[in-house]
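Please look over the sequence and the model below, and then read on for a short report on one pocket and a few points along the backbone.

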Amino acid sequence: MNPVQRRPRTLLAMSPETRDAVFGAAALRRLAEVARIEPGLLVTDFQNPLFGGELSEAEVLLTGWGCPPLDRAALRRLPRLKAVVHAAGSVKGHVTEECWRRGIAVTTAAAANALPVAEYTLAAILFANKRVLTGAHAYRTARGRVNLIERFPDVGNYRRTVGLVGASRIGRRVIELLAPFDVRVLLHDPYVSPGEAAGLGVEPVDLDALALRSDIVSLHAPQLPSTQHLFDARRLALMPDGATLINTARGSLVDTEALTEEVRTGRLHAVLDHTDPEVLPADSPLFDLPNVLLTPHLAGSIGGELHRLADTAIDELARYARGLPFLHAVDPGTLSRSA
């Protein structure tokens, strides 16, 4: 017998592009098994009168990128709404204070989205310490033998120090992925106690010490007023010559102008999946510097990885249908210090 005792009335609320990219045919079939849903019905505007009847009956919203805000006016049209299942990461773009006041349960696939970001970060750390980008540039320029001992006397990952800023879902996964390697891991996170850091197998340090001691600095902190330009000109200057800054978090954590000045001199290296602004001006020197790797926000879930988001969201919806608590429930009390 199907363990799902009921199929709650559920609506999709996201952009058409999100639905088509995240929910493949297999996911839609499984979704129909755990919820009463019309996959072809997509809410992109809670005030659209065409959705009046469906909104009034909905118990669950299955949301994704492009979902409009669930403000007071929207919630007035959703009198039976009890849960929001988000098939993406942060819920800050659409879950409002009014949702929490109404006691609506919220869950997110942020844990699933953290996995490819952590994998990208691991690859970036290993490649940066190995000077893969610089080596490739040297070989392309020489078009012949490169004297590795002379050109790269200090490269490699053995006994390097990696500094992680933020024990987020992504940061913690990076710690796990680094475990098999002969690297020392420093952590700066004001919300992690020394005992918890010891349990993670990392050394807790303040941010300046992390900058001073790390061969690699990898950012995993949320975008908050307190994290604006966390790595400004002063803190970037603390980083050792030849160190690499990796940013897969938010562009606002780094002073782009100050970083540009540092990498232009060749003193620092950078791997940037997020920048400020998000799309750099076409004439930005960062596009052309051989010690900078720029990627267009591809560390997170893309392509086939998006299906993991759908699977996670449907798993949560199935739990809800069985009367079980969400595994990835969002705690409103921690939103002020999380992504």
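## A pocket and some backbone details

In this predicted model, the second largest pocket holds about 290 Å³ of space. Its lining is made up of 17 residues, and those closest to the centre of the pocket are Phe127, Ala128, Leu133, Val271 and Leu293. Helix 6 (110-129), helix 7 (132-142) and strand 11 each supply at least two residues of this lining, and helix 6 gives the most, with 5 residues. When the lining residues of the second largest pocket are sorted by class, 12 are nonpolar, 4 are polar and 1 is charged.

The backbone deserves a look as well. The peptide bond that runs from Asp276 to Pro277 is cis, with an omega angle near 5°, and Pro277 itself has its place in the loop between strand 11 (269-272) and strand 12 (292-294).

Two histidines have a positive phi although neither is glycine, and the table sets them side by side.

| Residue | Phi | Relative accessible area |
|---|---|---|
| His229 | near 50° | 28% |
| His297 | near 60° | 38% |

His229 lies in the loop between strand 9 (216-219) and helix 12 (233-238), whereas His297 is found in the loop between strand 12 and helix 14 (306-321). Is His229 buried, partly exposed or exposed? Its relative accessible area is 28%, and because this value lies between the cut-offs of 20% and 50%, His229 counts as partly exposed. The value of 38% for His297 also falls between those cut-offs, and therefore His297 is partly exposed.

Technical notes
Residues are numbered from 1 along each chain as its sequence is written. This is a predicted model: local features need pLDDT of at least 70, side-chain atom pairs count only at pLDDT 80 or more; totals for chains, interfaces and linings use all residues. Side-chain values use heavy atoms; hydrogens and water are left out. Helices (H or I, at least four residues) and strands (E, at least two) are DSSP runs, numbered from the N terminus. Buried means under 20% relative accessible area, exposed over 50%, partly exposed in between (1.4 Å probe, protein chains only). On a 1 Å grid over the protein atoms alone, a cavity is a set of points where a 1.4 Å probe fits but cannot get out, and a pocket is an open set with protein on both sides within 12 Å along at least five of seven lines; lining residues have an atom within 4 Å of a point. Grid points are joined across faces, edges and corners, and a volume is the space filled by probe spheres set on the points. Ala, Val, Leu, Ile, Met, Phe, Trp, Tyr, Cys and Pro count as nonpolar, Asp, Glu, Lys and Arg as charged, and the others, Gly among them, as polar.
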